[in-house]
Amino acid sequence: MTEHVLEATGLTKLYPGVRALDDVDFALRPGEVHVLFGENGAGKSTLISMLAGANRPTSGTIRLNGREVSFADVGAAQEAGIFTVFQEFSLIPTLSVAENIFLGREPRRGPFVDHRAMKRMTREIFQQLDFPIDPGAMVATLSRAAQQMVEIAKAHHGELSVLILDEPTASLTDREVDHLFEQIAELKSKGVGVIYISHRIQEFARIADRVTVLRDGALIGTLEMADADDDTLVEMMTGREVTEIYPRIQRTDPKTVVSVDGLSTPGVEPANFEIMKGEVLGIAGLVGCGKSRLVRALMGVVPRSGGTIRHRGEDVSGLPVRDMIARGFYYLSPDRKAEGLDLARTSHDNLATNVIEGRGRSFVRWSSVRAETDAISDRVELDPGYRKRLVSQVSGGNQQKVLFGKCFAQPSEIFILDEPTVGVDVGTRAALYRMIRDLAENGNAVIVVSSDLPEVLNLSHRLLVMAQGRIVDELEKDEISEDRVLRKFFEDREQAS
Amino acid sequence: QDAWFPYEAEQVTPPFSTDGETSAVTYEALESASEKWNICVSFPHMKDAYWLGVDYGVVEEAKRLGVALNVVEAGGYTELANQISQMEDCVASGADAVIVGAISYDGLNSVIGEIAGQGIPVIDVINGVSSDQIAAKALVSFYTMGNETGQYLVDKHSGDSEPVQVGWFPGPAGAGWVEAAHQGFMDAVEGSSIEVLEPRYGDTGKETQLSLVEDVLQANPEVDYLAGTAVTAEAAQGLLRSQGLTEDIGILAFYMTPGVYDGIERGFIEAAPADSMVIQGRMAVDQAVRILEDKDYIQHVGPKIFVVSEDNVGDVNRDDILPPRSFRPVFSVE
Amino acid sequence: MTRTTTNQASGGLQDFARRTFIRLGVLPVFLIVAVVVFSLLSSKFLTGQNLINVARQSVYLVLVALGQMLALISGGFDLSVGTAIAVTSVVSALTMVWASGVFPEMLWFAITIGILAGFGAALLIGIVNGIGVSYFQVSPFIMTLGVSSVGGGLALFMTGGVPVSGLPFDFGNVFGFGRLFGVPVPVLVAIVCIVLMWIFMSRTRLGTQIYAVGGNIRAAELSAINTRRTLMIAYALCALLASLTGVLLTARVESGEANLGGSIALESIAACVIAGVSLRGGIGRVENVVLGAFFIVLVQNGMNLAQVSSYMQMVLLGSLLILAVIFDQVRYRMMMQAR
Amino acid sequence: MTRTTTNQASGGLQDFARRTFIRLGVLPVFLIVAVVVFSLLSSKFLTGQNLINVARQSVYLVLVALGQMLALISGGFDLSVGTAIAVTSVVSALTMVWASGVFPEMLWFAITIGILAGFGAALLIGIVNGIGVSYFQVSPFIMTLGVSSVGGGLALFMTGGVPVSGLPFDFGNVFGFGRLFGVPVPVLVAIVCIVLMWIFMSRTRLGTQIYAVGGNIRAAELSAINTRRTLMIAYALCALLASLTGVLLTARVESGEANLGGSIALESIAACVIAGVSLRGGIGRVENVVLGAFFIVLVQNGMNLAQVSSYMQMVLLGSLLILAVIFDQVRYRMMMQAR
Ligand SMILES: Nc1ncnc2c1ncn2[C@@H]1O[C@H](COP(=O)(O)OP(=O)(O)OP(=O)(O)O)[C@@H](O)[C@H]1O
Ligand SMILES: Nc1ncnc2c1ncn2[C@@H]1O[C@H](COP(=O)(O)OP(=O)(O)OP(=O)(O)O)[C@@H](O)[C@H]1O
Ligand SMILES: [Mg+2]
Ligand SMILES: [Mg+2]
């Protein structure tokens, strides 16, 4: 029995109206990387939340090194050597990076916290991760990706026997992923068991030893990674076959609708490009290269420091966001919590806000608004059970679906989608991509900004590559290749250093 | 039980006029009520010793006469709406008469009219209201209190050639009794050698008054008197004592509380007019019973005001003007 | 699923009570309990006259709480509602007295412009609040506290602290104690406002915008909502509702008073919070807020009738507020389990 | 980047002022302006004695604001600080009077147990607040408002509104008016508290945990912080600081008063907010809060000395509060640009 560091039997978790986890067995060997795989809402986060001490099972037992344990809180689990990087960040936005990383276990000199040592140690951790970050920066000011790295850094810890990572790479690019994997390999060699949750099969295929698949809260099976190929995994996960993730998108009669001339903002140097209807424009770049800021400046979300934006010939630079939206621009935010969703309301209500704005009528006819939000929910494949649930109570991937659904609530023709599929499972991702296809083929302009390289490579008709706040390359469909893009990323890095 | 009457009082004729004649009368109260009337009393608040004194008056008188009494308080001088509600509640709970210590001079007229319209007499105690529907008044006006205080100073310094500087702390801005006392005080000192500094309004919390006094001492070190609410006087005495200024600066209050009384006895406070709030409360209850029993009553009466100072504090009967030290608020008499 | 259902089947009456509690919420239950208790304590409590009394007394807090709800839902506060009441009272009274002097023949004209002047003054307060909160991003707490202090000073300034008397009798007669079909006019006014507010919050685009702004202001911005305008409207409406209360109170007291509304800001927030309005914004329902305000007034009335001593009233009311919120938490947990 | 540098180089003095403003924040600037203005308006303002005066007067607000800051940083409120002061005053005075009656020879013993009794009573208030907020998840607004009402009722109950007099003279002489090395004792007490609080908030784990809980309570929980305990500590410390204020005030007025601390809850929150403490929790610095409270007291003192009328004072103070926060916003934007 003790060949497992962590073993759960018959784990069940009931939430009001949902059986989030139903009699699941799970075991982790020391020194293995065990991937949890499953659709959005399958119960992955629920499972690890109980192993991590953040949640109590309705029934079932957890054994650590053969001894039955029951964690009162995260602290208790940590004392037992289980550390977790949560999907919903456990970062305190108002504290600094260093304070977050050492929260509750600050180095002390005498009775007092030793801030200098804390900063030094923080710097060391990030050097190992090869991720430049100011230990004194307030976490709220960091990009989502940087926050993700801080979250990962929190798990850097002396005494651990189990490390749990819940979608640690959802906002990261390959470069950071590589560093993370190096770290994981090192831990593995020390005999640490790692539970790893991800929707990116290609990615975890590189490190996984075993995979456990969950569906609708139930255990489907556990298999050796060696025996698993993409198709089996996806089929186990969805119960059906997913033939192609990336659809073929027809490019229909592209015509310029927006021309951007010398657009700049702090962090982004003057950029020139055109947006055409009927095609998908991709923007790729490493974390922090300024791709988000560029489109945010375009939308008017962050102040523009120079340049002009023309929409159908009219100068629209400097217009506030709502005027841009009125002109048919739509911006999907990469951070669903901070600026995407109202977590204290239902999915329906969140969509309704946009539907009502889109209609522009003073009085609301709820029956027809309801009908429309239902239609949108159908479109983004949001399970009917989730629609009247508070957004804070649906799984991360499903929140992202609600956010995506907002695209369809207001009439638009230029869709700027910033990291549109963060944390969405493969099946749903295919559905979202099909929606992107439909948008483009119906003559809309679609911009996909993404850190997920395969995504932009496969969807784009045209691709802008950014590095260090500049557009360093613009590729047509037939020129797009992973090699070329990666070379551009790094060429520029070398120049800089 | 010793009867508190006959008591030296002043009657105003014609009743309810602001500038009527006052004449001395001797107030006689009933021996007992013929029936157990329900009387309801509404106070602005019951957070300081002054209203505790009134409470003592009404409660003792109700016990003596054998009537039932219920006391409500609105919670402060900004709670006019609440006082109105409470008076309505009094009537709803079956009061035969209502005694009111008003928060606002004009603002209660409509409720008083309504209540009087149902045949329930309303008696005005302590603060005064402008309504003509009132059945009786048992009060001395705060105008007079302020005036007496000012007059005391004017009399004391009538011969002086040097102007006398007075720091003046009338109390919370906007409260009816404060503005009345302020007016009375200013009218009294007008044209005299008394020079009043800019009035310092402020809540009657001790810490507020204390810092107001400190600031005035700072800005005008040559000030001769500090005059104001009882709280001001109580707060100032400790301050002057600690700064060794007790001899140089005189303290006056324009109404009486136990603290002020003690201060006068100990020589820290110079003088304060006594309005005998206990007697006012007693008179109001007596008037209410007389009205209910169709007996003769004096419509507008109040105890005679006299200034208590170091010279006469020994001769005053404390129980007439202040509640006994052990008294705790009583909200109902069965 | 099935297990939960069987659990519910057993229990009978107890279970019925439980489910009613879960569905209706705490306030109706507390209200019923309060009515029963006070009826037992005082025979006068459940009389027609007293119920009209309670209805009329609750008008003021209900109206202010409705306004406060707007500020809270939009993610802020309004600590200046008391001052809005005082300023309205003073300005409308002064205007009315002046106008009825100038046009002694046209009293209703004087009354009307008096009321309008009061509304105008309060609207100014609301707009200043709105501008501060939306354009200058001042914390609503400081903004409304500061405005409250400024407005209070000005109101005292205008009157010199002395109530403004000599209002036209008709003003008090109609808005203070008038009745229509046997119902006091203030109560009618309140009912109209409640209905309008309910429609506003649940059936209009502006209402949903206020919820959206309070729920997540950045998301609202990305949904093309004019957040500044929405905030302005929320604070302006809040001030107007307070102003209406000021007019009704002025009519009731038949004088312009700079001291009205002293503690109503905190009281109205309390009414909203026990009614489930979130201080973080985005959440709150009109009907519950009305119940919340009504509950506070009813308890005060009941305690007065039951001759509870006023110190005891403070203790009881404080405990009840806390209890109401605790029970609401309990209900929430039960709701979570029962589903 | 380079552009910004050249921009900064030009400008000289103006630029220096600008950078100082950005670095130091609004309050020091406002303080300096206030000092200059009041010195011009009143020759008495900049005298040593008056400065000691201001220092002593500000002690009370500074202490309460420090406590309030804890509640605010933890993501809540404490509206019961005024009541904690009143309860402390009444309980400590009653105990002292009783004890000095029983042990007339040991006045210092009586004084000590009086003070301890006051602390104990306030601690109880803090713990009740903490339990309500952390275990029952009652909104801090309602919890502390309710407790404030209950405590206020009890304090009045104990005294009947009559000040408790007859305290040992030494108590007032030392804690109210005493001096050590020429510095008033209350000022010394405040300085010690400020230093301790500064160390607590910036140099201890517990301090960081309070920031963390207020920054995001769920995340704090996931970071293995005992959030309940942390909240309890925040409210308990807040009550204790208020209690200390209560003791000092009682010594100053030499009587136990149920009326002390009437408006200090709002005032202390205002002091914190103008000092940049966020009402959403997680943000706030000890040194700024001290300045914020000091600023409010200084302005009041200056206006009194300059003979500004009371009504005008309300107007000015309100405007200043708003202005301070507006300037802070401006500064924030300048800071963002300068980066
Ligand atoms: N606090 C909660 N209250 C109620 N239901 C919840 C809560 N948290 C999660 N759920 C529900 O539990 C189920 C499992 O959610 P979970 O977060 O474990 O999914 P997941 O597999 O992690 O999905 P994702 O890939 O989207 O992160 C979902 O149906 C979700 O709606
Ligand atoms: N006001 C500012 N002035 C200068 N630089 C800024 C400012 N705000 C943000 N930046 C920087 O701009 C860079 C671009 O950030 P942006 O969010 O656009 O990155 P991104 O390429 O979208 O990466 P991510 O994957 O993190 O979303 C970041 O390095 C950030 O630190
Ligand atoms: Mg998850
Ligand atoms: Mg980005």
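The following paragraphs describe the chain arrangement, buried elements, cysteines and internal spaces of a predicted model.

Because the model is predicted, local features are restricted to pLDDT of at least 70 and side-chain atom pairs to pLDDT 80 or more, whereas totals for chains, interfaces and linings use all residues. Residues are numbered from 1 along each chain as its sequence is written, chains are lettered from A and ligands numbered from 1 in the order in which they are written, and side-chain values rest on heavy atoms, with hydrogens and water left out.

Of the 5 pairs of chains in contact, chains C and D share the most contacts, a contact being defined by heavy atoms within 4.5 Å. A turn of 180° with a shift of 0.1 Å along the axis lays chain C on chain D with an RMSD of 0.2 Å, where the superposition is by least squares on the C-alpha atoms of residues with pLDDT of at least 70 in both copies. This is the relation of a two-fold axis. The same surface serves both copies, in that 100% of the contact residues of chain C recur in chain D. Among the residues of chain C, Arg280(C) comes closest to the rotation axis, its C-alpha lying at 4.1 Å. Chains A and B, by contrast, do not touch, and their nearest C-alpha atoms are 36 Å apart.

Burial was assigned from relative accessible area (buried under 20%, exposed over 50%, partly exposed in between, with a 1.4 Å probe and protein chains only), and secondary structure from DSSP runs numbered from the N terminus (helices, H or I, of at least four residues; strands, E, of at least two). In chain A, helix α15 (residues 396-405) has 10 of its 10 residues buried, so it is largely enclosed by the rest of the structure; among them are Asn398(A), Lys401(A) and Phe404(A). In chain C, Thr83(C) lies in helix α5 (residues 81-102) and counts as buried at 8% relative accessibility. Leaving aside residues up to four places away in sequence, Thr83(C) touches Ile125(C), Val147(C), Ser148(C), Gly151(C) and Gly152(C).

With a disulfide taken as a pair of cysteine sulfur atoms within 2.5 Å, the count over all chains comes to 1. The bond joins Cys40(B) and Cys90(B), whose sulfur atoms are 1.8 Å apart. Cys40(B) lies in strand β3 (residues 38-43) and Cys90(B) in helix α2 (residues 80-92) of chain B, so the pair ties together parts that are 50 residues apart in sequence. Both Cys40(B) and Cys90(B) are buried. Cys272(C) is also buried, at 0% relative accessibility, but its sulfur is 9.0 Å from the closest cysteine sulfur, that of Cys238(C), which is too far for a bond.

Internal spaces were sought on a 1 Å grid over the protein atoms alone, a cavity being a set of points where a 1.4 Å probe fits but cannot get out, and a pocket an open set with protein on both sides within 12 Å along at least five of seven lines; lining residues have an atom within 4 Å of a point. The search finds 12 cavities of 30 Å³ or more. The second largest cavity has a volume of about 160 Å³, and of its 18 lining residues the closest to its centre include Ala170(A), Arg200(A) and Thr421(A). The second largest pocket has a volume of about 930 Å³, volumes being the space filled by probe spheres set on the points, which are joined across faces, edges and corners. This pocket is lined by 41 residues, with Thr18(B), Tyr105(B), Ser141(B), Phe142(B) and Tyr143(B) nearest its centre, and α5(B) gives the most to the lining, with 5 residues.
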